[in-house]
Amino acid sequence: MAEHTQKGPLLQFAPMQSLVDEGFWHRLSSLKLNKLGIDDSPIPINGFYAPCSHSQISNHLTLLAESLPSESNESLLAPDTSRGNRNKCSVPGILYNTNTVESFHALDKQNLLKAEASKIWEDIQTGNAVEDPAILSRFLLISFADLKKWTFHYWFAFPALMLDPPVTVNYLKPASQWLSKEEVESLSAACNEWRNSRLTADVPFFFITIDANSCATIKHLKDWETCQSDAYKTLFGFYDPCHLPNNPGWPLRNFLTLLSAKWNLKRVQFLCYRENRGFADMDLSLVGEALITDSQGEGDGVPNVVGWELNKGRKIPRRISLSQSLDPTRLAISAADLNLKLMRWRALPSLNLSTLSSVKCLLVGAGTLGCQVARMLMAWGVRKITLLDNGRVAMSNPLRQSLYTLDDSLNGGEFKATAAVRSLQKIFPAVEAEGVVMAIPMPGHPVPSQEEESVLDDCRRLSDLIDAHDAVFLLTDTRESRWLPSLLCANTNKITITAALGFDSFLVMRHGAGPFSQASNLSTETVTSVCDDMHKLNVNDATGKERLGCYFCSDVVAPTDSTSNRTLDQQCTVTRPGLAPIASSLAVELLVGILHHPQGIYAEGEINLSVSDTTEQPLGILPHQIRGSLSQFSQMTLIGHSSSSCTACCQTVVSEYRNKGMEFILQAINHPTFLEDLTGLTELMKSASSFSMDWDEDVDDEDDDDCVEI
Amino acid sequence: MDIKQDAGNVFPWDGTLTSSDFFRAAHMFSDKWRRFNTSVPPWLWVPCLKRRLASSHEVEGYLSLEKTSLFKSSEEKQDAGSLILKEESNMLENEEPFDCATLGPESDYHEINHYDFHVVYSASYKVPVLYFRAYHSDGQPLLFSEIEKGLPGLSVKFLSESKWTFITQEEHPYLNRPWYKLHPCGTSEWMKLLFSTHKSLTTNGSTIEHYLISWFSVVGQVLGLKIPLEMLNCS
């Protein structure tokens, strides 16, 4: 730095800032996916900027969707008509979009920048920049679009040809202080006119002559050489995006380089043109005088160049994540959530969406009932669903089992559990669904000794599954297959919902709490003893109230190999098709009711006494059992309490299981009367049948199945 | 058969507008806004061509007010360090020539958020709907939680107490990108309420003239958009 006696301070320029509208990334993604593929040749793009219009906020170089060529263009040589307007001054740029993040980081940035700088230098030398000065603000963008994660890495460079030694400034002040009042008026008017005319609104560099009468005229740069009049005052003006009171914006750099290199101007008076609310503002606009001592002129090599945009002060690329608005899965999730939120907002403020989205449901059976229950659960916002079924999709299944299609049934048929999970994911990608292909060990279906071990494995597996979930739906098509899950649920006090179908009738019920729920102290004496008098056995749960019954509580006969005399749990192919969707829907609504009830599984059973009955719960009453009949188009709510001789949930049975574990299960499976003996049902039946002569009506098996009605 | 009736002629009025009413109301609104609001950018009508089967020769479109800015206070400055990978440090350290002509970054860096507002007609609810979005100064869209933080204190309270307002995220009908909107399902009800308490508004088809101003005076509150009193008081 030699003598600078006459020179003022260095002129410091405020860097250009970028703003990339979301639409640009959308368009780029689409272009990449549909048209470009792996082609990574540079793409010409357009950026837009305008003079600063706010005293505290700088304007940015903006990229919009229309900055990119449209997909329908044959060639990518030129973006489609992006002639600017007063708010969008168009500036040419180039985009290097790489295919991998490694190649993004490996791009030779300095060389790319130098290439753009030489274009600008060339345009200055040849005079193109005088004809079309917007190209002085040519820019460079490198990017990598990660279309799996919907994140975009990018980095802008605004090449500025460096003057060496750097430019100094003699003064820099608001235009209103440099101009007289009349000049301000005249210049403002001239600028507003320039800005309002379609022909000149997007020409960002110009020069101004002010004559002795304070009349200002704005002219195109290309007129400079021809009309070098001896104007009273001359200003070189440019649209300044910067708002700072003591610094000009970036575009001035290349402008000064042009003026120096092309016309050898060494002392330049410039106008940083800024606006306020759409009109020229001479308080915000700055006038300054720059001194250029740079010795470079025509014919010299390209000057040095700087211009990479800083990211919060650091020389690193930027990254933007748009998964929120581009990823279809996330969009599906927010759309689904919207529905539930609307329901909560408009109709049910106490709806607990977080409980619903976190409850883990196990569906035992993926048939007619299972498919419908799964769909209804998803509709309520339940996300964690496990389906258990060992069957394969048969060709008649898709008609009644709403998750399967014909394709699932071909070639022997897919496993229902896996096909169901796939189907759920197609409906809603964010579902966390799992399929388990497994058979349920059943009492009354004895196993040969060589299969014992695998059956015990299945039992343990089922026990683990039940432990891992919060709510269990029993949706199989036989009674005996419900026994083991019921026992296991009673043991672990899980919310259990049973749905069972007859030909034209159905039962949907929630099991009561388990006998040892919350380890009530009262029952310790009776745990070990099996021979106690039945009446003393504790039928209450932890709250001291009578437990509600489970599916088997009303049975007088233990579940055995089913015969066709049973009303319920016949093979679903002989039920009226309307039943399964009705029962499934009620089952899910019942679960939602339990989840919203302050006492949950301990909630007392309620019945629908009258339509006008107001209940405290916003979702309505919480029944214990719902029995419906299609032949009557009727529905009844019932309550049944637990039986101390229940083969699945009574204290005796559950404590036997707790003591003897799998050995107990095996005995129950292999010996048909084991359970009845254990619970004393055998005794009961003997005493009941001794009275049978006194009864007027015949009590056939089917009536025995009915629950106690109130 | 499509009978288009002037909003004022439907009696008793149900709070809705037809599509052509909206077109007229929108232009009246933006004219008035421009007249009374010289210090604020104007609303612009953006026409859109949508090919419809039942060809109506109306131009569809929406009102747009873009790039209103809100300063974030500096203590809310997020640590965006999470977005900057550690390994991408100083890649240009030794490459770029030293340049003293570049102004250094501001010491007290203020994050500025920009908001765009669109008023779009909803054919299914037959009312205008306010769509909006927000983004940082580099273009990164704001999350809804960030928008909530940026809203003036009044509107958050207003949102949770009022049963007429609900913000949802849905696809913008013309731009095919997710925008936030104030859900329109309560609009016709409270517009009806609003007009019934100001009898003068419904006379002589001036419903259209006052519709958007009244509508805006309510929805604007949610987002902190002010409407000058002069606009409300004009006859």
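How many helices and how many strands does chain B have? Select chain B, colour by secondary structure, and count along: there are six helices and six strands. Keep in mind that you're looking at a predicted model.

**Walk along chain B**

Start at the N terminus and follow the ribbon. The elements come in the order α-β-β-β-β-α-α-β-β-α-α-α. Now switch on a contact map if you have one: of the contacts in chain B with a separation of 6 or more, 60% join residues 24 or more positions apart.

**Add a surface**

Put a surface on chain B. About 12,700 Å² is exposed, with carbon and sulfur atoms supplying 55% of it. As for what's tucked away, buried residues make up 47% of the chain's 235 residues.

**Bring in chain A**

Next, show chain A and select whatever touches across the boundary. You should pick up 49 residues of chain B in contact with 56 residues of chain A. Between them, the two chains bury about 4,600 Å², and 59% of that is on carbon and sulfur atoms.

**Zoom in on the polar links**

Chain B and chain A have five residue pairs in polar contact, counting pairs with both residues at pLDDT 80 or more. The interface also has three salt bridges by the rule used. To see one of them, select B:Arg133 and A:Glu22: their side chains meet in a salt bridge at 3.9 Å, N to O.

Which elements of chain B give two or more residues to the side that touches chain A? Highlight strand E2 (60-71), strand E3 (112-122), strand E4 (127-136) and strand E5 (167-171). Finally, colour that side of chain B by residue type, and you'll get 22 nonpolar, 16 polar and 11 charged residues.

Note on methods: Residues are numbered from 1 along each chain as its sequence is written. Chains are lettered from A and ligands numbered from 1 in the order in which they are written. This is a predicted model: local features need pLDDT of at least 70, side-chain atom pairs count only at pLDDT 80 or more; totals for chains, interfaces and linings use all residues. Side-chain values use heavy atoms; hydrogens and water are left out. Contact means heavy atoms within 4.5 Å. Buried area is the accessible area (1.4 Å probe) that two parts lose on being put together, summed over both. A salt bridge is a side-chain nitrogen of Lys or Arg within 4 Å of a carboxyl oxygen of Asp or Glu. A polar contact is a pair of N or O atoms within 3.5 Å; within protein, one must be able to donate a hydrogen and the other to accept it, and residues adjacent in sequence count only if both atoms are side-chain atoms. Helices (H or I, at least four residues) and strands (E, at least two) are DSSP runs, numbered from the N terminus. Ala, Val, Leu, Ile, Met, Phe, Trp, Tyr, Cys and Pro count as nonpolar, Asp, Glu, Lys and Arg as charged, and the others, Gly among them, as polar. Buried means under 20% relative accessible area, exposed over 50%, partly exposed in between (1.4 Å probe, protein chains only). Accessible areas come from the Shrake-Rupley method with a 1.4 Å probe; for residues, only the protein chains shown count as cover.
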